[in-house]
Every structure is written in C-alpha cells, then in structure tokens.
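Student: I should like to examine how strands and sheets are assigned here. Could the tutor begin with the terms?

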Amino acid sequence: MNEPLLKIENLHAVVAEDGSEILRGVDLELNTGEVHAIMGPNGSGKSTLAKVLSGHPGYEVTDGSVTYRGDDLLELEVDERARAGIFLAFQYPVDIPGVSIANFLRTAVQANRPGEEVDIFDFQEELLDRMQLLEMDPVFAERSVNQGFSGGEKKRNEILQLAMLRPALAVLDETDSGLDIDALQVVAAGVNKLKEDRPEMSALLITHYQRLLNFIKPDHVHVMIAGRIVRSGGPELAEALEAGGYEAYRGETAGV
Amino acid sequence: MPENETVTGLGLEEYKYGFVTEDKPFFKARPGLDEDIVREISAHKQEPEWMLEFRLKALKVYRAKPMPTWGGDLTQLDRVLDEIYYYLRPQEKMERSWDDVPQEIKDTFEKLGIPEAERKVLAGVGAQYESEMVYHSLKKEWEDKGIIFESIEDGLRLYPELFREHFSTVVPVSDNKFAALNSAVWSGGSFVYIPKGVKVDIPLQAYFRVNAERMGQFERTLIIVDEGAEAQYIEGCTAPVYTTESFHSGVIEIIVKPNARFRYVTIQNWSNNMYNLVTQRAMVHENATMEWLDGNLGSKLTMKYPSCYLVGAGAHGEILSIAYAGDGQHQDTGGKVVHAAPHTTSQIISKSISKGTGRATYRGLCKIYEGSESAKSNVECDALLLNETSRTDTFPYIEIEEQSASVGHEATVSKIGAEQLFYLMSRGLAEDEAAAMIVRGFIEPIAKLLPLEYAVELNRLIELEMEGSVG
C-alpha cells in the first residue's frame with residue numbers, strides 16, 4: 001500500500017481568540033480516490049476540522065500533525081494548500097460584491113497553474129464545459145460571487161469552483177445543509193459527476209445528517225464526538241446512526 | 001532613446017508646439033506671484049484687454065480671500081505658494097530630461113506596461129506624436145460636424161464671442177480662493193463647443209489634443225454643449241503623473257443646454273507631494289443630463305467636489321467618484337448638487353479606499369431650493385478601509401427648502417473581511433491578489449462605466465497598490 005494522500009495524527013486545535021479546545025486528538029487516514037464521511041452531532045468539531053485542514057486563521061493547531069502527500073500540510077499558508085490540491089467547499093461562503101464568478105474563477109484557475117498563461121478562450125471553453133456537466137445556465141457565471149444567492153445557488157457556485165480547480169482532495173463542509181434538500185442534491189449530484197469524471201479525486205464529506213450519504217456513497221464513515229473520531233466503519237455505520245442517533249456514542253467520550 | 005528622434009523626418013515637428021504662436025515676447029519665468037506675472041502671462045498669450053482685466057481682478061479677489069480652514073490641512077500651503085512658478089512656457093516645461101524622473105515613477109510605468117513614448121509624456125519629458133496623428137484625423141471628423149475642440153488659448157483667440165459669453169459664468173471669480181487664483185493665472189486646458197443636436201460617439205480626449213500643455217498647473221476648461229447635443233470628454237490617465245510642481249488648481253466649467261447630455265471623465269493620479277485643489281462645475285439646463293465620473297488617486301491632498309447646478313426643469317445630474325488614499329494621502333472629495341428647478345433629479349455615488357495611513361473624506365452638499373417641486377436626490381457613499389490605521393469620514397450636508405422634495409442618503413464603511421480573504425485564498429489566490437480582487441469588486445459599479453483601457457489600467461494600478469498592503 002502506498003502512503004495515504006492525507007494522514008491526520010493526534011490533531012489538537014483551539015480557537016485562536018480564546019484558546020478553547022475544539023479538536024482533541026483527531027486521527028484519520030485517507031487514500032487517493034476514496035470518499036470519507038465524517039458525521040457527528042452539533043459542536044463535535046467537524047467544521048473546525050475542515051477549516052483547520054485549509055488553514056483558517058481563526059484556529060491554532062496545538063498538537064499533532066497533518067501529512068499531505070508525505071509533506072507537512074500545517075507548514076503551508078492557506079493559498080499554498082489550495083494550490084497543492086486541497087479544496088474546501090464552504091458551508092456558508094461569503095459574498096464578494098462586484099466580482100463575477102467567471103472573473104473570480106479565471107483568477108483562481110490562473111493562480112493554480114503558475115508558470116502557465118491561462119488562455120482566455122480555453123478558459124471560457126472549459127468553464128462552459130464544466131457548467132454543462134453540472135447542468136448550469138452559463139448566465140450564472142456573470143453574477144457577482146455569492147451576492148444575493150439562495151442556499152442552493154451558493155452550493156452550485158462551490159461545486160462549480162470544485163469542478164474548475166480539479167483538486168486532489170475535496171473537503172465538503174455540509175454540516176447544516178441537510179436542512180435544505182435542494183442544496184444537498186446540488187452538492188451530491190455535482191460530486192458524483194465530478195467523481196465519475198475524475199475517479200482519482202478524493203473527498204471528505206462533513207455532515208450532520210445521514211441524508212447526504214443517500215446520494216453520495218462513502219467508502220468510509222467516521223463518527224466524531226467532542227473533537228475526536230470515536231468510531232470508523234463502512235457505509236453501514238451511517239445507517240446505524242440514522243436509526244439510533246449519536247446517543248450510543250456519547251459514552252465513548254466520557255473517558256477523554 | 002533621445003527625445004526628439006522619433007519625429008525626425010516625419011514632418012511632425014511643426015505640431016510639437018503647435019498651440020503656441022510663433023512670435024513670443026520674451027518671457028522669463030520666476031517663482032512667486034504678483035501683478036507683473038499676471039500681466040506677463042496675459043501679454044505672452046496676446047490676450048484681449050478684457051481678459052487681462054479679468055485676471056487682475058481675480059488676483060485681488062484671491063489675495064482678499066482667506067485660506068480655507070475646512071477640508072484638508074492647508075497649513076503648509078502658503079510656503080508652497082511662495083515657491084512655485086505660476087507660469088512656464090511649454091518649452092521650459094519640456095527641458096526636464098528622462099534622467100531626472102525618479103526611479104520609483106519609472107518603475108511604476110514599467111509595471112503598468114506603458115509604452116516608452118507614452119511614459120515620457122506622462123513624466124512631462126516628451127510629446128506623444130502618434131496620438132497627435134490620431135487627433136488630427138479625428139479633428140477633421142469633428143470639424144465637419146461643427147465641433148470646436150481647441151486649447152483654451154486658441155478658443156479665446158478664434159472664438160472670442162462664444163468664449164466671452166460663457167467664460168466664468170459657471171464658476172465666478174469669487175467662488176473660492178483657488179478658483180480666484182486659477183482665474184488670475186490660468187494657462188492650458190480645453191475649449192469645447194458641441195453644436196445643437198450634434199451627437200458624438202468617440203469621446204473627446206484631452207489626451208489627444210495637448211502635449212506640452214497637458215500638465216498645466218492652472219488649467220482652465222470651458223465646455224459648451226448646445227441644445228440636444230450629446231458628447232463625452234475624457235481627461236487624464238491612471239498612470240502616475242510626475243511633475244516637479246507641487247500645486248495644481250484647475251477650473252472646469254461646463255454648460256449643458258436644454259435636452260443635451262454630457263459626461264466628463266477624469267482619472268488623475270498625482271505624485272504624492274501634490275496639493276490638488278480643483279473646482280469642477282456644470283450648469284445643467286432644462287431636461288439636460290450631466291454626469292461627472294471622477295477618479296482621484298495619489299497627491300498629498302486633493303480637495304475636489306464636482307458639482308451640478310440643476311437650473312432647468314427636469315435637469316438631471318450624476319456624480320460618480322472613486323478616491324484612493326494611500327499612505328500619508330488625504331482625499332477630501334465628494335460632490336455637490338444644487339436643485340433650483342422643479343422635477344430635477346440627482347445622484348451621487350462615492351467610493352473611497354484608504355490604505356495605510358491614508359484618509360478619505362466624503363464631503364457632499366445637496367441643496368434643494370424652494371420651488372424645486374418634486375426634486376429627488378440620492379447620495380450613496382461607501383468607504384473601504386484596508387488597515388487599522390486607515391481613516392474615513394463622511395460629511396453629507398443636506399439643505400432642503402422644498403417640502404415636496406425627497407432626499408436619500410446611505411453611507412457604508414467596510415473593512416476587507418478576514419472571511420473574504422480566507423475564502424479567496426482557499427481558492428489559491430495569494431493574499432495581495434485576494435485583496436486586489438476585493439478592492440476591484442468594490443469599485444466595479446463605477447469602474448465599469450469607464451472606457452475599457454482606463455478600466456484595465458485602473459485594475460493594474462490597484463494590483464500594484466495592493467502589493468504588501470494587507471496585514
């Protein structure tokens with residue numbers, strides 16, 4: 001077996017502002033092409049894990065390591081991680097008024113291909129191709145990034161970025177979006193199509209509800225409680241959670 | 001490249017100083033201002049007697065008026081005003097060589113990718129011959145339509161009656177101290193007349209017409225847009241203007257007659273020792289529309305409030321501005337709308353960006369006189385602060401005498417958000433790039449109205465300014 005694409009060992013992280021500990025020793029291994037799901041109740045640290053992986057300045061790693069393709073991921077800046085192939089689909093992406101999606105994507109695609117001048121016509125063609133794959137109206141690309149978007153449109157925008165940037169690892173933070181079935185389906189359909197197109201893409205799905213996993217079949221499911229992964233298994237684990245809830249696992253954190 | 005090499009043999013030499021008459025009386029420039037200087041300017045320009053009298057009267061008004069105590073810090077200005085040259089012949093201005101231009105300015109030209117020939121013009125060390133040729137072919141087209149587009153000096157000389165009828169009717173000598181100063185020593189600028197019903201698509205660009213005179217410290221522009229005519233005028237450039245002078249005080253007067261439409265676009269990027277105090281005003285008649293599109297970058301202090309006096313029923317005025325205050329700079333800008341007729345409407349949109357210790361002030365006046373039935377005005381000012389040390393203030397003065405008028409005012413102050421930066425960086429953009437993108441988005445509603453090449457230059461300039469700006 002080759003070394004894993006991503007290896008998280010004993011990861012501890014605190015909120016930078018007040019020092020409160022959120023991640024308390026996360027361990028996880030993910031191989032190229034695999035789809036993993038992390039499930040857990042509110043406040044278990046799932047979203048924090050996603051943010052820490054992409055280098056959010058609001059959190060500070062206090063212990064442990066994250067190895068990505070054999071290198072220390074935590075050494076890299078936010079933008080370097082992105083260029084190294086890690087993509088975070090945001091749960092609540094912010095507005096960038098006055099910047100069109102097309103313009104934003106072109107800048108991002110260019111940033112991800114240093115040393116190569118991205119041709120405007122090739123880019124347009126690629127954008128149209130990806131939008132077609134995701135069944136999006138090309139007019140969508142002319143809108144300002146996330147400004148006045150519905151929940152579903154924001155998700156569409158995230159998935160379009162995922163499609164254009166072709167990361168090695170997509171981290172999808174869908175913690176609360178289980179509430180919006182429309183948005184959920186946008187994400188699921190998009191990920192499935194992109195996965196079909198590029199089977200080598202790995203994904204880490206972060207979700208509260210099992211519903212998302214009805215649409216995207218994970219290879220591995222992890223249960224996160226109070227900042228640690230307390231149980232790992234196959235898709236059947238998600239089904240068990242749906243039936244029994246997280247109560248059964250809460251006891252497992254007692255000793256922490 | 002030697003400065004004159006490009007034109008040798010092209011037969012264009014004659015255009016080089018083509019706006020100045022051949023027989024010039026001897027004139028020796030010296031610093032400071034007195035009545036003799038004013039007389040010399042007028043004599044050198046071979047002006048009619050009335051203009052000399054106008055200038056001398058203006059000098060008296062200038063001296064009588066106290067230095068303004070509002071707006072930016074003018075406490076050092078007296079010293080500057082004692083030292084500057086109030087009039088230089090174009091030839092004298094041209095004597096500077098490329099070697100004298102500071103490296104910093106040259107580097108910026110380089111980064112902006114400005115062609116060699118153009119750089120010299122911008123630095124005040126050469127003339128733009130290719131543009132001259134473009135200008136001359138356009139000029140033919142314009143002349144066929146009866147459009148007048150001349151230097152202000154030629155305007156006075158060639159169209160004395162039209163000139164005198166309108167000159168100083170929009171900005172009277174006594175309007176403010178610096179308008180009075182300009183009235184006394186004005187030199188350079190444009191004279192434009194668009195005849196009744198004539199519509200021009202290609203913007204009239206000051207860029208084309210002036211070469212040596214374009215950096216006029218005391219430029220004076222007079223534009224008359226006759227009934228039902230439509231045109232656009234563009235002045236300036238986003239590239240930094242380098243002059244050894246540290247004071248600029250222009251007066252722009254525009255008359256937009258009934259049913260006419262006019263847009264005046266300025267983008268100026270002064271070197272950071274410059275006091276830039278400009279009076280820009282338009283008199284807008286019945287059912288006419290005036291738009292000011294104003295970009296202010298650089299300078300030490302800019303005080304500039306383009307105005308629309310809506311004097312005819314149904315007149316509409318718009319003032320759209322972008323101000324960028326870098327380290328140590330103060331942009332005190334905004335707009336002024338005066339409603340003096342029924343059903344007049346106006347809109348002011350002002351966007352400012354402050355970086356480092358830069359300070360951007362929005363100062364606006366909306367005055368609605370009694371009888372301006374159903375007048376409507378809307379003011380929107382948005383400020384973006386890049387650093388903790390950046391500063392912005394808003395002074396929206398509103399005076400309403402008319403019951404049926406409606407006035408809206410909205411002001412926002414935002415900072416480049418950590419979440420916005422994180423979002424863009426998580427897509428691979430470096431921090432500077434991310435900040436530049438946010439700033440570009442912020443000014444986009446105004447930048448999109450600019451001619452394409454200006455918008456492109458402005459974007460590149462913002463990228464340069466954002467290097468190392470965040471954090």
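Tutor: Two strands pair if DSSP finds at least two bridges between them. Helices (H or I, at least four residues) and strands (E, at least two) are DSSP runs, numbered from the N terminus. The model is predicted: local features need pLDDT of at least 70, side-chain atom pairs count only at pLDDT 80 or more, and totals for chains, interfaces and linings use all residues. Residues are numbered from 1 along each chain as its sequence is written, while chains are lettered from A and ligands numbered from 1 in the order in which they are written.

Student: What makes strand 9 and strand 10 of chain A a pair?

Tutor: Strand 9 (residues 169-174) and strand 10 (residues 202-207) of chain A share 6 bridges, in the parallel sense; because at least two are required, they pair. Within this pair, A:Glu174 stands opposite A:Thr207 of strand 10.

Student: Which sheet has mixed pairing?

Tutor: The open sheet of 6 strands in chain A, ordered 6-9-10-3-11-12, has it. Strand 6 (86-89) and strand 12 (228-233) of chain A each have a single partner strand, so one side of each lacks a neighbour in the sheet.

Student: How do you know that strand 1 and strand 4 of chain A pair?

Tutor: Strand 1 (residues 6-15) and strand 4 (residues 59-68) of chain A are joined in the antiparallel sense over 8 bridges, and the requirement of at least two is therefore met. A:His12 has A:Asp63 of strand 4 as its bridge partner. The open sheet of 4 strands in chain A, in the order 2-1-4-5, is antiparallel.
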